[in-house]
Each structure stands twice: as C-alpha cells, then as structure tokens.
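Me: Could you take a close look at one part of this model for me, the backbone geometry that departs from the usual? I'd like a connected account rather than a list.

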Amino acid sequence: MQTGRRLLLQGGLVLAALAALPRTLLAAVWPEKAFSQTAARQAMTELLGTTDTVSSDRIMLKVPQIAENGAVVPVTVSTTLDNVASISIFVENNPRPLAASFELPTGTLPEISSRLKMGETSNVMAVVRTDTGLFSVSKEVKVTIGGCGG
Amino acid sequence: MAGKIKVKTKLVGNVAEVKCLMLHPMETGTRKDPDTGEVVPAHHITQLTSTNNGETVMVANFSTAVSQNPYFSFKFQGAKAGDTLKISWVDNRGKSDEVETTL
Amino acid sequence: MAPAHESKRPAILCILLVAALVFAACTSDVERQYEAAEQLRRAAAEAGFEWLETEALLNEALQLEEQGNSEGAIALIEKARLQAERALQQSENEAKSWRTRVVGP
Amino acid sequence: MMLGRESRRPGSWIVALAMLMLSPAATGGPEEDRVAFAQYYQSRFPAVTFEEFANGIYAIDADARAQWLEIEEFPPYEFAIENGEALWSKPFKNGNSYASCFESAVPDIRAAYPRFDVSKAEVVTLEVALNDCRVTHAETPMAYDASDMIDLTAYLAHAARGKKIDVRIPGDQTNALAAYEEGKRFYYSKRGQLNFACADCHVTSVGLRVRADRLSASLGHPTHFPVYRSKLGAMISLQQRFAGCIRDVRAKPFELQSPEYRNLEFFLAYMSNGLTINGPGARK
C-alpha cells in the first residue's frame, strides 16, 4: 500500500486523465519502443512510465501451472478493480517480455483472454492501470521441453 | 480468401462477449526455416481494433508473443441486438484485414 | 567332409580371388564399400525396417568422397552399413517376436 | 485426478492384464483383438469411461485437458473446416463434384472409411477416396499432405461428429483379414534405431511420460483426426502423425497412404470401433 500511495500521488492526475478517455479518442499508436525492450522492467517503464505496481488480489490471472505447449498458453486476465484503462501482460523470460497490451475504453469490461507463446519457464505478470494507479499480479508458468507430442 | 477473421458474439443483457480468431503466422523473427536454414523475418499483427456502431470498444496491441492464428476475447457493456461490431487488424508489414458482424 | 567337395574348393577360391582383384582394380575402396552398404540399406528398406539416417549418411559419404575426403567417407559408410545390418536383424527378429506383444488372446 | 486414482492402485492393471492373458479366449480374430484392446485400456484407467477415450490424451491427463478445453473455446481448426466446406462445394471443371463420388450423405462419409475395397483388393482411406474421385473427374490428385486435402477431411470429420467408428471385416474376405493382420503386425513390430513398436509407447507405457509428454492410448487415436497441431500451426492427418512417430523412433517414415500406413490405419480404426467420431481436433 505504501507504493500504491506514492504512485497515486505521482501519477494520479495523469492516469486519471488517461483512464477516462472517451471511446473515440483512444490513441491508436502501437507502442513499438515498449515492445522492443529485452528486459521486463524496461518494457514496463516504456509502456507505463514506471515499474512501481501494487500487488493486488483483485486481479485474476488465469494461466496453467505447467503449459501443455509453450506455443499456445491460454491466458485470461480479469479484475474487480474500478475504472480500468488498460491491461498489459509481460512474460518476463521471453526475448521481448511485453506480450500484449489492451486499452479499454469506458464501458469495456476488464476481462480479456488470449493465447501466448512462452519460450521457457517464466513469471507471467498482468498489470492493470486504473485511475488510481498500477496494480499487478504474477504467476509462474512452467514450460517443459516436449518429447514426441504424446 | 474467405474468413481470415472469425468472430463469435454472445449478448447477455447489454454485455456483449466477443471472441475472435485470426489467421496469421505471427512469425517471431527468430525462427529458422527448416528447409533453407534462413531466419524467417518477423511478421505479426501489431494492433487489433474493435468498434461497435463506430465507437471504439477495444484496442489491443500485440507482440510476436501472441500465438500463431491469434485468439482474443473481450466483453463490453452498452451493446444491444442489431449493433454493428467491427474488428480489424494491421500487421508490421502494413497488411490489414477486417470483418463486420451484427450482434 | 567328402573328398570330392574339398577338391573343388581351391578352384572356387581362385575364381573369387580373381574376380575380386578385377573388381578392385576397376573401383575404389570407397565405391565398393558404398555399394555393399547401399545394398544392405535397400534390403532393410524392402523389409520395411530402414532406419532414419542411413540414406543420409550414405549421401553425405559420397559428398565427402567428391571433396577428396575418402577417410571421412569410409567412416560414414561404415556407420551406414552397421545401421542397415542392424535394421535387417531387427526385421528378422520382429518377424516372430511381434506376436509376443499383442494385447489379447 | 483420474490418474491419481489409478496410481493409488499400481498393481491392479497388472493383475487385470495377467487375467486377460490367461483367459481362455478363442484364437485372435479381429473382434477378440478389439475386445481385449478396449479391456486393456479400461483396466489401466478404471476411472475413464470407454467413450472418453475418444478424447485421446485428454482422457487421462487432467492438466492438459483444462488447457485443451480453453483452445476448444475457439479452435484454430475452424478455418480448416470452412476451407474444406468451400472446396467440397466447388464443382470440378467437368461440372461434377466430390459429392457425386460418394454413396452416402456428407455426415455419413467419414465413418465409411477406412474400408477394404474388394475390387481394388486394398484398404481405401478417406484421403484415397477423395483423390480417386478427383481422378475420376479428370482433376489432378492432391498431395496427401496438401492443406486442401486435409481441410476437406476436416470438413467431413466435423460433419460426422457423433457418428461411430464402424470398420468391418467381413468373415468371407480373406484379403481384408490379411490387410488387418498386416496393420496389426506393423503396430506391434519394433522398428528404428530406438527399437520401439507403436505398442511400446501406446500400450505398454500408456499414461507414462516421454520427457514432458504423456503417452496417449491407441484406443481412440483415429477418432479426432485431422488435428490442428499448435506446435506446427497447421493441420495434420492421422498418417502424418504416424510418420511423426516413426521418425521419433528413428526409423524412415513411409510414404503417406502407402500400403503400410493404410493397413495400420485399418487396424487402428478397427480397434476403436464403437467410439464416436469427434474430429477435427486440437493437439499440442
């Protein structure tokens, strides 16, 4: 909560402005610089301006403990936090850790699913940006080297 | 080529659930062609945009870490039967595709 | 055991020796060994038991020979020959022993 | 969880197997083989119903099953079904269509193969029948690994969902029985540098791990093909999977639709008689 308050003070105004973007004004620029970073912390800084996030149990990150196949890892992120502006997913040990980032206009529910590639066992982190700050949850997904496909 | 984006929608009250599947190689740029041994250049969807009756309901930014033939689902409020939902994507080579469906 | 039999043996040996010498004079060691290994590979293939790499080993051997590396070529041919031999052996074993694995009556 | 229950009783399947082997059954005709085959897997996995074996490895691996179900939410093979349907409906240059080559309606075609064709004296698979149809109508046959070929079978498999596998070997057809026996011999013969038979992995070691992968039961293998393999990002046929396994034991794969593979498919499909067709499928 300590970090949360600090973050709130630092970025609260900016974030509040971003969170409430009307549907037609969303920036449609692909954040190339954030996507090209090779370290998770740098990718986060590029995308979100900071690496300070508050760990939150109000974010549900649904990932398998052991991926059946690193090429297709089902990921679902949802949250009960209010006023969510974006959800970003980082796979820390991937060559490019930022996997995807979703901008949610007002009215879009904070619940997204996709399938990701994972090169090796790694923490997967979901970062949710709301009008009050950045919140995150992490889970480890084990990726095993396959044999014959079963 | 028929149906490079497949969309399934479900309306519960005023909440629309959208599931889509896109036909795209999502090349990482690190994979080697098994026949030639040459690195296959990165080729991936960068951005997916969805609008409902012209209003943006989702902007998704993808990296090469999204699986081949990407799957993506989301939900939004304020939907009603008969709304026009549009999903479009662009990739890093400037190619694009879009599909329109009625809720 | 029969004396008549024994008396023929030196003659056959003689013919074989001459044939071998003539063959050797016309073909190199590599070619000869390649042919022998290739024949075994084909026999294994015909039996349906060829191994994955045998053919590739033989092709690689030919390339090495073309580059003047006969020693390397012979090493690969020898490997291929052993593979083909064992594949043939496997097919002979399996002709009977597959039945021991059948589930059921 | 299913596995958990099974592993608490490690000796039970051995006992069951021993009983099977000792049981005074008649000589091994196909039907006796089939019953014993199904019983073997059911005694290995007592918590898994017969029907459930149609789901392959996901019948016996709960973790993998959960991820598979998520893929099935919107499976990538839907593109293949759609393309297959378009190909099926497109007339040939002479105006005829695939439908003209098949006696049964679309939902019944998949289940009619593989079958033993008496006049050709060989096993005909769905893929071969499709190519025969093309040739009859002056079209060039397709390669058996062509995506269009596989998509056509995906469409026909999808249309056949819910039908049962029903391979027949009429008692008076010695050729059909010989083809079955050949397939059976292939299945149980060790081959390749690793000296493995199909049965070594999929019967003896079923449910165990090869590196990270759990070995699937052969009961049910033919129900769900063609499958989308996420590893490849593409659809593959049952016979391409045969070729993959054979390469994995370091033996030289046979040509797709070779007599060897067709007979193997015939045998395996017979072993799965009574299971429900649920193709196309999604696999890792």
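Reply: Happy to! One cut-off first: a residue counts as buried when its relative accessible area is under 20%. Bear in mind that this is a predicted model.

As background, most residues other than glycine have a negative phi, and most peptide bonds are trans. Let's start with B:Asn69, which is not a glycine and yet has a positive phi of about 50°. This asparagine sits in the loop that runs between strand S4 (55-62) and strand S5 (71-76) of chain B. Its relative accessible area is 8%, so B:Asn69 is buried.

Chain D offers a companion case in D:Gln257, where phi is near 65°, again positive in a residue other than glycine. You'll find D:Gln257 in the loop between helix H11 (238-248) and H12 of chain D. With 6% relative accessibility, D:Gln257 is also counted as buried.

Now for the peptide bonds. Following H12 (259-271) of chain D comes another loop, leading to strand S7 (281-283), and D:Pro280 lies in it. The bond joining D:Gly279 to D:Pro280 is cis, its omega being near -10°. A further cis bond links D:Tyr113 to D:Pro114, here with omega near -5°. D:Pro114 belongs to the loop between helix H6 (106-109) and strand S1 (115-117) of chain D.

So, on your plot of backbone angles, the places to look up are B:Asn69 and D:Gln257 for phi, and the bonds into D:Pro114 and D:Pro280 for omega.

Notes. Residues are numbered from 1 along each chain as its sequence is written. Chains are lettered from A and ligands numbered from 1 in the order in which they are written. This is a predicted model: local features need pLDDT of at least 70, side-chain atom pairs count only at pLDDT 80 or more; totals for chains, interfaces and linings use all residues. Side-chain values use heavy atoms; hydrogens and water are left out. Helices (H or I, at least four residues) and strands (E, at least two) are DSSP runs, numbered from the N terminus. Buried means under 20% relative accessible area, exposed over 50%, partly exposed in between (1.4 Å probe, protein chains only).
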